[in-house]
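Colleague: I've got a model open and I'd like to learn how to read it. Can you walk me through a few features?

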Amino acid sequence: MEDIFKTVGNENLKRRLFFISEIDKMKTVMRRTLLTDGSRRENDAEHSWHLGVMAFILEEYAKEPFCMERVLKMVLIHDLVEVYAGDTFAFDREANLQKEEKEKAAAEKLFSILPADQGKELREIWEEFDAMNTPDSRYAAALDRLQPFIHNLLTNGHTWVLGNVKVSQVMERSGPVMEILPELRPWMEEQISLAVKKGWIKD
């Protein structure tokens, strides 16, 4: 544990301070998604912040009731494990084969820094997000899929072109958004069709 915390007398507080310093590494984990001005790639911390704002901006359009506090926790911690596991490009099939194993190992390492009860809580929230089997996790996951979709539209289909993706892949990735935020479905389908015509997505 970092030397700067060695004089903190309370062991649980020491663990929490170290965890806080460790997750600063999120700011250095670069995603494939570009900022909307196309100037550079976004990092994990920026992505998580964006989802947090989206959570309450789009609340009224959610198909089912959810707990805002839990959703905010989910979107803020859903990518924390990437401080050790790194980002996995959504459209890299080979890399995604090892993603689950890498992220589980990273979760064990990261969340064990915290006091046991708090580490367990965050680990369970992280696992729930991935499972997408509750109203909270379905809404959080929909936001996670919607944000890069919007960024692609504003950056000439950057990650779609990068991944050489097909319509079926984009539809599969966008499915949770259309299901949980049904008012977005007609617009998203229209945008996907336009992206095909522009050559950003393969038909």
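Modeller: Sure. Keep in mind that this is a predicted model. Let's start with helix 7, residues 135-154: its 20 residues reach 29 Å from the first C-alpha to the last, close to the 28 Å expected at 1.5 Å a residue.

Colleague: Is helix 7 largely enclosed or open to the outside?

Modeller: To judge that, count its buried residues, meaning those under 20% relative accessible area. In helix 7, 16 of the 20 are buried, so the rest of the structure largely encloses this helix.

Colleague: And what happens just after helix 7?

Modeller: Look at the backbone there: Asn156 takes a positive phi of about 55 degrees.

Colleague: Now a charged residue. Which side chain of opposite charge is nearest to Asp44?

Modeller: For a salt bridge, you want a Lys or Arg side-chain nitrogen within 4 Å of a carboxyl oxygen. The nearest candidate for Asp44 is Arg31, 4.4 Å away, so Asp44 is buried yet has no salt bridge. Asp44 sits in helix 2, residues 44-57. Leaving aside neighbours within four places in sequence, its contacts include Arg31, Asp79, Glu82 and Asp87.

Colleague: What about Arg123, buried or exposed?

Modeller: Same cut-off as before: under 20% counts as buried. Arg123 has a relative accessible area of 18%, so it is buried. You'll find Arg123 in helix 6, residues 116-131.

Colleague: Which residues does Arg123 touch, apart from those within four places in sequence?

Modeller: Lys104, Ala107, Glu108 and Phe111. Also try a C-alpha distance: Arg123 and His78 are 45 residues apart along the chain, and their C-alpha atoms are separated by 9.6 Å.

Note on methods: Residues are numbered from 1 along each chain as its sequence is written. This is a predicted model: local features need pLDDT of at least 70, side-chain atom pairs count only at pLDDT 80 or more; totals for chains, interfaces and linings use all residues. Side-chain values use heavy atoms; hydrogens and water are left out. Helices (H or I, at least four residues) and strands (E, at least two) are DSSP runs, numbered from the N terminus. Buried means under 20% relative accessible area, exposed over 50%, partly exposed in between (1.4 Å probe, protein chains only). Lys and Arg count as positive and Asp and Glu as negative; His and the chain ends are not counted. Contact means heavy atoms within 4.5 Å. The expected span of a helix is 1.5 Å times one less than its number of residues.
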